[in-house]
Amino acid sequence: MKVLADEAKVASAALREAAPFRDLPEGLIERIAAMARTVRLAPDERVYAAGQSADSLYVVVSGRIDHVFKREVGAREAMKRIGPGGVFGWAGLLLGQTGRLATANATEPSVLLSIPTEELVKLLESDPVEGKAAMDRFGRMIQTEFTMPSLLAQVRRLSGTPMTEEMSRLSLTMYRISVWMKSPRPYLMLIGFALFLGSWYLSVEVLKLPRFKDMPGLTTVVKEWLSPNPTYGLSIYTPEYYQHIWVSVWRVTQAFLLATALGVPLGLLLGWSPRFKEYVFPVFEMLRPIPILAWVPLAIVMFIATESAVIFLAFLASFFATALNTMLGVQSIDDSYVRAANCLGAKRWQVFRHVIIPGALPFIFTGLQISIGVCWFSLVAAEMVSGQFGLGYVINTSYVMVRYPTIIIGMVTLGLVGYATSALVRLAGDYLMQWRVRELALSEG
Amino acid sequence: MTKSSGAEVKTRGHILIDDVVKVYDPEGAAVMAVDHCSLEIEAGEICMIVGPSGCGKTTLLNAIAGFHEITSGRILLDGEVLCSAQKPKAEPGPDRIVVFQNGALFPWKTNLENVVFGPVMQGRMTKAEALDRGRAMMADAGLAGVEHNYPGEVSSGMRRRVEIVRALMNDPAVLLLDEPYRALDSLTKSVMHEALLEIYYKNKVTIFFITHDLEEAIFLGHRVAIMTTRPCKPKKLLTVDIPHPRDYSVLTSKRFRELMQETSEAVHEEARKAFQAGEKEG
Amino acid sequence: MARSRHISGRAIWRGMLSIVIFLVLWEIGSRSKIWLAWDVFSPLREVLGAAGFKKTYLPWIGSVPPPSSVAKAWMGVIGQAGYWQSWYMSFQRVLGGFVAAMLIGIPYGLMLAVSRTAHGINFPVFEALRPIPPLAWVPASIIFWPTQELAIMFITFLGAFYTIVINVVGGAKSIDGRFFQAAQSMGASKWDIFKRIVLPGTLPSIMVGSAVGMGITWEVVVAAEMISGGGSQMGGSGGGLGFFIWNSYVGGSYEQIVVGMISIGIAGYLSSELLRSLGTYVTPWLRVR
């Protein structure tokens with residue numbers, strides 16, 4: 001038995017080197033190792049040929065395998081060299097796939113682990129959290145390492161017909177949704193919203209509680225918002241509604257872009273050069289604690305046109321937040337990266353461009369999300385105090401002109417638009433930092 | 001420029017650490033980290049530095065690499081002064097490349113982009129040449145297939161190997177390894193050791209390797225320097241006369257056991273001292 | 001990016017130098033009505049004119065009162081009781097709203113962190129309402145609350161509440177799972193775990209959340225004071241530093257505007273620092289760094 005135990009140990013170690021299995025819990029790895037069989041190959045020995053029955057997948061312990069896809073499969077890289085830690089032969093995991101998609105040959109003396117696919121899938125299905133995570137990782141591994149645009153690993157139990165591209169993407173989404181639906185989350189969310197809206201409706205319109213009865217009621221607001229001929233002049237059908245939205249959004253865009261264009265470089269310099277920081281940071285920190293809205297009268301004095309004053313105020317808030325967070329981001333970069341770059345012969349400006357900027361980018365984007373929130377905050381306040389048009393102006397004048405339902409419409413619109421801009425910033429960040437998205441995805445499984 | 005293995009004599013990478021002293025002055029209390037340490041490392045030698053945590057061995061490595069200053073003494077590389085009392089901090093450079101404890105592959109570059117970083121930054125090769133060489137070296141190290149992955153997508157063992165390839169692309173005289181396998185489990189470690197030796201046999205750089213693992217030290221090294229606890233100073237030098245090339249069967253050989261016996265008492269003594277002194281990780 | 005523990009003497013000199021330069025430039029800029037008229041600067045005047053600005057003074061900075069006049073105004077105002085009363089009123093509102101936010105926000109956040117059901121029900125609504133800026137709630141708040149004071153405090157409360165809750169939830173989530181396992185293996189009850197692991201573990205995030213929340217609170221107080229005290233015809237209690245600024249603007253005393261701004265800056269900075277020291281007092285285990 002000692003020999004088998006040692007083999008299982010080597011198998012476990014090899015599994016842990018392989019991307020889809022790497023982070024699985026100990027118990028699961030040991031059971032997979034137990035069902036694995038060690039296969040030794042001489043150079044030029046064939047592992048399998050395309051079309052053969054796909055009953056097991058392989059993990060390479062040592063050596064090298066040449067893996068050539070059938071042309072029909074449409075893989076971007078038809079031929080692949082697979083070394084230690086690589087996983088191949090996963091066709092059996094795909095729904096409706098019974099035959100091998102490629103031919104695999106050993107080019108050097110190689111040791112492989114052969115894992116029967118049926119048993120593996122049964123084992124993974126037995127653990128809904130980790131098993132599903134492993135299947136997701138297979139899917140991603142297949143996409144990235146094998147550059148196959150269409151095929152994804154599937155969990156058995158969906159339809160048995162062979163897959164087309166749309167079907168596979170759809171069925172994976174359906175699977176994800178079905179898992180989410182089974183969890184209590186969506187129902188709790190519905191309960192939460194129902195409670196909130198329900199209590200609003202009850203307290204204002206039905207029970208007419210003391211302070212609440214003066215507030216605009218839920219039905220009044222909804223009716224007003226969706227009415228083609230609103231009593232107070234603002235609904236989704238009126239062009240003024242969209243004008244106000246556009247004005248606010250345009251102001252925020254100008255302020256935010258300007259603040260980013262000035263704030264990010266300033267923050268980068270503050271974080272990167274101690275000398276620059278010694279000179280500039282004290283003045284920066286002196287101005288920062290002054291609440292943005294305390295600048296309102298001064299801004300009106302400085303910029304005679306209220307439009308510029310409003311944008312200036314939003315800009316200021318956003319600028320401080322962006323610069324500060326960028327600086328903190330640069331300071332948070334691990335020393336080792338800079339040192340490594342120095343060792344590798346990078347000059348100072350190269351370190352800045354290749355290490356500091358990409359390294360600070362995640363922190364910069366977190367800062368930008370905060371910054372756009374702050375930008376909206378200041379814009380609304382500034383609009384409420386001065387200026388014409390814009391959602392803040394709408395809220396203020398609706399109050400003054402006793403058009404209470406419109407206040408709520410303004411607030412809700414603000415919430416929606418604010419959320420949308422914040423999501424845009426986040427998406428921009430995800431797009432620029434592909435590496436981080438992938439890293440996070442793999443670690444969460 | 002992959003060197004053919006075996007018979008070639010290495011002429012670069014001779015390190016002379018000459019009576020080096022490093023005194024820190026945190027909060028006014030002078031703390032001596034390195035105490036008149038002298039050590040000579042031959043070109044092409046694998047020199048293992050063993051000592052308890054916090055004893056100052058990383059300070060030595062950092063001094064050679066150019067990250068920290070020394071207070072007095074000198075360090076020479078191939079006869080040229082890296083740092084001395086007059087010039088306390090060496091310039092970091094591609095002749096002495098560090099492989100870091102927790103890895104310092106740039107997470108925002110793919111593995112291949114990481115590997116070609118050095119030559120591209122220095123302008124020693126065109127981008128195309130660098131990419132070709134990078135792919136070849138990665139394939140040599142068993143890393144073919146992960147060129148276009150990001151470091152975050154591959155296992156930590158693979159990341160270490162990519163980092164070593166990144167260093168070797170610059171044809172360094174010395175590789176400075178600061179407990180690179182500390183965070184790996186022992187099974188992965190033994191695979192990594194063989195991988196490192198394989199790489200060494202092809203490239204014959206001088207390796208300055210810090211570890212607290214005596215087994216690792218004797219398995220890999222030509223010589224093992226056992227350091228005292230802080231302040232750091234070579235306490236015992238051991239020449240490992242097991243011939244290269246070595247594989248894991250060495251671990252159970254009689255000579256290996258004998259060497260372990262000779263040295264483990266010295267190491268254990270220093271470890272106990274460090275424990276009593278309550279050393280924190282440096 | 002090593003952060004040096006001590007600020008070197010040289011750094012202090014450099015910082016002071018830049019502040020002085022800043023003040024000097026400000027003084028010169030705001031006095032542009034005087035020197036821009038000199039012959040030497042006629043080309044500059046042409047450039048300004050071509051760009052569409054007035055030729056008699058620098059744009060923007062030219063309308064700001066100079067630091068010398070601000071200092072003089074400040075000296076004058078320090079002696080007036082009304083000025084210090086504004087301080088008192090603003091602090092009162094900030095404290096009231098902030099304490100309320102802590103008293104309600106911390107338990108609420110902890111409840112969300114501890115109970116998955118509560119989190120599932122509450123958090124989506126919470127997140128849906130969060131993008132609405134606190135100041136947008138002002139009119140609704142004024143309608144709802146009987147007194148203006150309560151209305152302002154509600155807005156102040158809202159501003160800080162969100163930040164504190166988010167920090168508490170985030171802090172509780174980030175407590176290393178192994179602490180729970182260790183406690184359970186030592187036989188701790190659920191209440192024990194809450195008292196000895198969740199509470200202290202969340203404390204650092206609570207302190208960070210309050211420091212940020214404090215900044216937001218000041219923003220909101222100032223705005224609310226300006227909007228409700230200055231914007232509409234609400235009589236009754238007004239006052240506070242925000243109102244001081246607005247009043248100075250309406251009364252045409254621009255130097256006092258700047259005095260007010262700087263006063264609020266100082267007040268905000270003081271309260272944040274107070275919180276920070278309270279934070280380190282309450283979490284001694286973090287001080288070792």
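# A guided tour of three chains

Begin at the boundary between chain A and chain C, where 57 residues of chain A are in contact with 58 residues of chain C (contact means heavy atoms within 4.5 Å). Before going further, note that this is a predicted model, in which local features need pLDDT of at least 70 and side-chain atom pairs count only at pLDDT 80 or more, while totals for chains, interfaces and linings use all residues. Residues are numbered from 1 along each chain as its sequence is written, chains are lettered from A and ligands numbered from 1 in the order in which they are written, and side-chain values use heavy atoms, with hydrogens and water left out.

## Chain A against chain C

The size of an interface is often given as the accessible area lost when the parts come together. For chain A and chain C the buried area is about 5100 Å², with 80% of it given by carbon and sulfur atoms; buried area here is the accessible area (1.4 Å probe) that two parts lose on being put together, summed over both. Select A:Arg211, A:Glu278 and A:Phe377, which in chain A lose the most area to chain C and together account for 12% of what that side buries.

Keep A:Glu278 selected and add C:Arg10, since the side chains of these two residues meet in a salt bridge at 3.9 Å, N to O. The count between chain A and chain C is two salt bridges, where a salt bridge is a side-chain nitrogen of Lys or Arg within 4 Å of a carboxyl oxygen of Asp or Glu. Next colour helix H6 (residues 185-206) of chain A, which gives the most to the side of chain A that touches chain C, with eight residues; helices (H or I, at least four residues) and strands (E, at least two) are DSSP runs, numbered from the N terminus.

## Chain A against chain B

Now turn to the contact between chain A and chain B, which bury about 3200 Å² between them, 62% of it on carbon and sulfur atoms. Across this interface the rule finds zero salt bridges, but four residue pairs in polar contact, both residues at pLDDT 80 or more. A polar contact is a pair of N or O atoms within 3.5 Å; within protein, one must be able to donate a hydrogen and the other to accept it, and residues adjacent in sequence count only if both atoms are side-chain atoms. On the side of chain A that touches chain B, the elements giving two or more residues include helix H1 (2-17), helix H12 (335-343) and helix H13 (348-385) of chain A, and the largest share, seven residues, comes from H12(A).

## Aromatic rings

The structure holds 41 aromatic pairs over all chains; rings of Phe, Tyr and Trp (its six-membered ring) pair if their centres lie within 6.5 Å, and planes under 30 degrees apart count as stacked, over 60 as edge-to-face and the rest as tilted. Select A:Phe284 and A:Phe320, whose ring centres are 5.2 Å apart and whose planes stand at 65°, so the pair is edge-to-face. This pair links distant parts of the chain, with A:Phe284 in helix H9 (residues 274-287) and A:Phe320 in helix H11 (residues 306-332) of chain A, 36 residues apart. A:Phe284 is buried at a relative accessible area of 5%, and A:Phe320 is buried at 7% (buried means under 20% relative accessible area, exposed over 50%, partly exposed in between, with a 1.4 Å probe and protein chains only).

Widen the selection to the cluster linked by ring pairs, whose members include A:Phe284, A:Phe320, A:Trp295 and C:Trp60. Then move to C:Phe144 and C:Trp145, an edge-to-face pair at 5.2 Å centre to centre with 85° between the planes; C:Phe144 is buried at 15%, whereas C:Trp145 counts as partly exposed at 27%.

Two charged residues over rings come next: B:Arg166 lies over the face of B:Phe106, at 4.9 Å from the ring centre, and C:Lys33 lies over the face of C:Tyr57, at 4.8 Å. A charge sits over a ring if NZ of Lys or CZ of Arg is within 6 Å of the ring centre and within 35 degrees of the ring normal.

## Backbone stops in chain B

Select B:His244 and B:Pro245, where the joining peptide bond is cis, with omega near -5°; B:Pro245 is found in the loop between strand S10 (234-239) and helix H8 (254-277) of chain B. Finish at B:Asp78, which has a positive phi of about 50° although it is not a glycine, which lies in the loop between strand S4 (72-77) and strand S5 (80-83) of chain B, and which counts as partly exposed at 34% relative accessibility.
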